[in-house]
Amino acid sequence: VDAASKGDRAQQTPPRGEVLGVHLRGTDKGKYLASAASGRPVPPREYEPYVDAFLRSHPNGTVFVATDSPAFLAEVKTRWLQRWPGAPFRWREDILRSEANAAFDRRGVGGGTP
């Protein structure tokens, strides 16, 4: 299966202009590593002012979204592509994992409770 048919926008076209990298950590934050003071997951909508400022300053720029959270990527695809139609967003879908992080599953699967 080629990248375009999978919806993997990272490899469809080369980035143009300046590049902003947005790393959305979700599956290993808060609910799984709260005891390690990992902080809370920061949803994509909280990054929107920064993405907006970048796209205003660099109208020919590219935004590369890095996340392993299916929920965060779905929000980016829904909100950001509607908010900035035609903006060059890139991401990869072959690195997503379950929102239930097996390494820290509370049922003891894959390493026990945190």
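This passage describes the aromatic pairs and the largest nonpolar core of a predicted model. Residues are numbered from 1 along each chain as its sequence is written, and side-chain values use heavy atoms, with hydrogens and water left out. Because the model is predicted, local features need pLDDT of at least 70 and side-chain atom pairs count only at pLDDT 80 or more, whereas totals for chains, interfaces and linings use all residues.

Three aromatic pairs were found in a search of the whole structure; rings of Phe, Tyr and Trp (its six-membered ring) pair if their centres lie within 6.5 Å, and planes under 30 degrees apart count as stacked, over 60 as edge-to-face and the rest as tilted. One of them joins Trp-80 and Trp-84 edge-to-face, at 6.1 Å centre to centre with 80 degrees between the planes. Another, between Trp-80 and Phe-89, is tilted, with values of 5.7 Å and 40 degrees. Trp-80, Trp-84 and Phe-89 form one aromatic cluster. Both Trp-80 and Trp-84 are buried (under 20% relative accessible area; exposed is over 50%, partly exposed in between; 1.4 Å probe, protein chains only). The relative accessible area is 0% for Trp-80 and 0% for Phe-89.

The largest nonpolar core (buried Ala, Val, Leu, Ile, Met, Phe, Trp, Tyr and Cys residues joined through side-chain atoms within 4.5 Å) has 15 residues, and those touching the most other members are Val-51, Leu-55, Val-63, Val-65, Trp-80, Trp-84 and Phe-89. At least two core residues come from each of β1 (19-24), α2 (48-57), β2 (62-67) and α3 (70-83), these being DSSP runs numbered from the N terminus (helices H or I, at least four residues; strands E, at least two). The most, four residues, come from α3. Beyond its neighbours within four places in sequence, Leu-55 is in contact (heavy atoms within 4.5 Å) with Gly-61, Val-63, Trp-84, Ala-87 and Phe-89.
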